[in-house]
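The following points are offered as a colleague's note on the model under review. They are meant to be read alongside the sequence and coordinates.

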Amino acid sequence: MPGSGEVRVHFVSADGARWEVAGPLGETIMDCAVDNGVPGITAQCGGGCTCSTCHCYVPSPWYERVGPAQGDEADILEFTPGRRANSRLSCQVVLRADLDGITVEIPPPTD
Ligand code: FES
């Protein structure tokens, strides 16, 4: 069980592997993946919203809670390989209490 102030996150890879981890409120989903060694989210720009290597899919009903990308994130996603309607950059999604238990899908490798 996560401690108080932590949010559980379920990462699922394209081949069905799963990681159940937790991160503190206010941390990003990208940080949560990197801190826990979840593969497929390399986050080359370190959360600067410039690289798109933290790309993920957020399945329903979670996507409705996190909402669509805005601003710079939306611009970058337009050029991100494998983009879908529920794409987000995980460095731009901050863990909140109402996201406890969120599922995040990791895109397949693009090269
Ligand atoms: S870590 Fe580079 S855009 Fe998210």
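1. Cys49 counts as partly exposed, because it has 16 C-beta neighbours inside 10 Å, and a residue is buried only from 20 or more. This cysteine lies in the loop between α1 and β3. Its phi is near 60°, a positive value in a residue other than glycine. Since the model is predicted, this backbone conformation is a computed one.

2. Ala43 lies in the loop between α1 and β3 as well. Here phi is near 55°, again positive in a residue other than glycine. Ala43 is partly exposed, with 19 other C-beta atoms within 10 Å.

3. One further backbone feature concerns the loop between β3 and α2, where Pro61 is found. The peptide bond from Ser60 to Pro61 is cis, with omega near 5°.

4. Strand β1 is joined to β2 by 7 bridges, and the two strands run antiparallel. Together β1 and β2 form a hairpin with 5 residues between them. Gly16, in the turn, has a positive phi of about 95°. Two pairs can be named across the hairpin: Val12 has Arg18 of β2 as its bridge partner, and Arg8 stands opposite Ala22 in β2.

5. Ala22 belongs to strand β2, which covers residues 18-24. Is Ala22 buried or partly exposed? Ala22 is partly exposed, because 17 other C-beta atoms lie within 10 Å and the threshold for a buried residue is 20 or more. Ala22 and Gly37 are 15 residues apart in sequence, and their C-alpha atoms are 12 Å apart in space.

6. Strand β1 is also joined to β5, in this case by 4 bridges and in a parallel arrangement. Within this pairing, His10 stands opposite Thr103 in β5.

7. The side chains along β1 alternate. Val7, Val9 and Phe11 point to one face and are buried, whereas Glu6, Arg8, His10 and Val12 point to the other face and are not buried. In a regular strand, side chains alternate between the two faces of the sheet.

8. The largest nonpolar core has 23 residues. Which residues have the most contacts inside it? They are Val9, Ile29, Ala33, Ile41, Cys56 and Val104. Two or more residues of this core come from each of β1 (6-12), α1 (29-35), β3 (55-57), α2 (62-66) and β5 (102-105). The largest share, 4 residues, comes from α1. In soluble globular proteins, nonpolar side chains tend to be buried together.

9. Val104 shows how the core residues meet. Residues up to four places away in sequence aside, Val104 touches Val9, His10, Phe11, Ile29, Cys56, Val58 and Ser90. Among these contacts, Val9, Ile29 and Cys56 are also listed with Val104 for the most contacts inside the core.

10. Ala69 lies in the loop between α2 and α3 (71-77). Why does Ala69 count as buried? Ala69 has 20 other C-beta atoms within 10 Å, and the criterion is 20 or more, so the residue meets the cut-off. Setting aside neighbours within four places in sequence, Ala69 is in contact with Ala74, Leu77, Arg88, Leu89 and Gln92. Ala69 and Ile106 are 37 residues apart in sequence and 17 Å apart in space, C-alpha to C-alpha.

Notes:
Residues are numbered from 1 along each chain as its sequence is written. This is a predicted model: local features need pLDDT of at least 70, side-chain atom pairs count only at pLDDT 80 or more; totals for chains, interfaces and linings use all residues. A residue is buried if 20 or more other C-beta atoms lie within 10 Å of its own, exposed if 12 or fewer, and partly exposed in between; C-beta atoms are placed from the backbone. A nonpolar core is a set of buried Ala, Val, Leu, Ile, Met, Phe, Trp, Tyr and Cys residues joined through C-beta atoms within 7 Å. Two residues are in contact if their C-beta atoms, placed from the backbone, lie within 7 Å. Two strands pair if DSSP finds at least two bridges between them.
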